[in-house]
Amino acid sequence: MGGKAYALLGPTAGGKSRLALELAARHAVEIISMDSGQVYRGMDIGTAKPSAAERAQIPHHLIDLIEPTQSYSAGRFRADCVRAIMEIQGRGKVPLVVGGTMLYYKALTQGLDALPQADPALRAQIDARATRHGWPALHAELARVDPVTAARLPANDAQRIQRALEVWELSGKPISELQNSARQGLPFQLKAYALIPEDRAVLHQRIAERFDRMLQDGLVEELSALRARYALHAGLPSMRCVGYRQAWGYLEGACGKAELREQGIAATRQLAKRQLTWLRSLPGLEPASALALE
């Protein structure tokens, strides 16, 4: 291997997993998931996890790490991913990082910002304030202490507003000031490739077909079983995942089956659009057609 690792990035439903499995069939590859949804146990259908047969054939890592009630950070991903790559290399195999969670890729390749760790109690307090006053009110609160961050966040971006306020209250400094303050190198060479569909209409069709399969395979029933097993609420990071967020609304009676399908497909298309924007901004990516494992 010569200390090399590989990354295959792309939008959701773009064909990354299929290509990765094809490569693994021809090379001594172990796959590392870079998917913020696949870390949750029991969330299989809506995160398009590899099947049991695929996982038995090709080793997969960073899947089924935590319960849906828990949180997983970009910092933990970086540490877990670096460790997995080093272990795979130690076995003489080829590490292939595959996924579309671009924040995780940024953490892996550019290092971590010097930010305080999450504080569950403080997050619960912020969520309680949002319940009473609404996220736009907390966005206005953020604008007073960190106008730079507030200016780039929509007024209803609950997850990022919450994190920015949490950082302010824990550190007394704006998150915009702390970000980009620390960079860490990697103990191996990482070559990254992007699988970007040339035809956006084809990608949209794949997204619709995949979401329909998820519904047919039991996405709603999967979430219903998770709700019966765990003390879940809609604000958990796991329940903000595309597909589960819309299925939650359906189970709460906020929409019907037709609306669930429309909302799920629309949200997935928006996710793919954000992923493509990220990909275009990342330096040094080669096209997936050039991916050759050495």
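Colleague: What radius of gyration does the chain have, and what would a compact globule with 294 residues have?
Modeller: Happy to start there, with the reminder that this is a predicted model. With 294 residues, a compact globule would come out near 19 Å. The value for the chain agrees with that, at 20 Å.

Colleague: Which box do the C-alpha atoms fill, and what share of the residues is buried?
Modeller: Taken along the principal axes, the C-alpha atoms fill a box of roughly 55 × 45 × 35 Å. The chain exposes about 14,300 Å², of which carbon and sulfur atoms supply 51%. As for the 294 residues, the buried share is 46%.

Colleague: How many helices and strands are there, and in what order do the strands sit in the sheet?
Modeller: The chain has 13 helices and six strands. The six strands make an open sheet with parallel pairing, in the order β3-β2-β4-β1-β5-β6.

Colleague: Which strands stand at the edges of that sheet?
Modeller: Look for strands with a single partner, because one side of such a strand is left without a neighbour in the sheet. Two strands fit that description: β3 (60-61) and β6 (286-287).

Colleague: Which residue in β4 is the bridge partner of Y6?
Modeller: Strand β1, residues 4-9, pairs with β4 in the parallel sense over four bridges. In β4, the bridge partner of Y6 is L96.

Colleague: Is S33 buried or exposed, and what is its relative accessible area?
Modeller: S33 belongs to strand β2, which covers residues 29-34. Leaving aside neighbours within four places in sequence, S33 is in contact with Q38, H61, L62, I63, F77 and V98. Buried means under 20% relative accessible area. S33 is therefore buried, with a value of 6%.

Colleague: Which side chain joins that of S33 in a polar contact?
Modeller: Two polar partners are worth a look here. A polar atom of the S33 side chain lies 3.4 Å from D35, but there the partner atom is the backbone nitrogen. The contact between side chains spans 3.0 Å, and the partner of S33 is Q38.

Colleague: How many residues apart in sequence are the parts that E30 and R91 tie together?
Modeller: E30 forms a salt bridge with R91, with the closest N and O atoms 2.8 Å apart. E30 lies in strand β2 and R91 in the loop between α3 (74-90) and β4 (94-99), so the parts tied together are separated in sequence by 61 residues.

Colleague: Which of the two, E30 or R91, is buried and which is partly exposed?
Modeller: R91 has a relative accessible area of 43%, so it is partly exposed. At 3% relative accessibility, the residue that counts as buried is E30.

Colleague: Which arginines form salt bridges with E166?
Modeller: E166 is buried, with a relative accessible area of 0%. One salt bridge of E166 has its closest N and O atoms 3.1 Å apart, and its partner is R123. Another has them 2.7 Å apart, and there the partner is R163.

Colleague: Where in the fold do R123 and R163 lie relative to E166?
Modeller: E166 and R163 are both buried. They lie three residues apart, about one turn of the helix, and both are in α8. E166 in helix α8 (residues 158-171) also pairs with R123, so parts 43 residues apart in sequence are tied together, and R123 lies in helix α5 (residues 120-133).

Colleague: How many salt bridges does the structure hold, and which residues are linked in a network of them?
Modeller: The structure holds 14 salt bridges. The residues linked in a network are D44, K49, R55 and D64.

Methods:
Residues numbered from 1 in each chain as written. Predicted model: local features only at pLDDT ≥ 70, side-chain atom pairs only at ≥ 80, totals over all residues. Heavy atoms only, no water. Buried < 20%, exposed > 50% of the residue type's maximum accessible area, 1.4 Å probe, protein only. Polar contact = N/O pair within 3.5 Å; in protein donor to acceptor, adjacent residues only side chain to side chain. Contact = heavy atoms within 4.5 Å. Salt bridge = Lys/Arg side-chain N within 4 Å of Asp/Glu carboxyl O. Rg over C-alpha atoms; globule rule 2.2 N^0.38 Å. Areas by Shrake-Rupley, 256 points an atom, 1.4 Å probe, with all protein chains shown as cover. Pairing = 2+ DSSP bridges.
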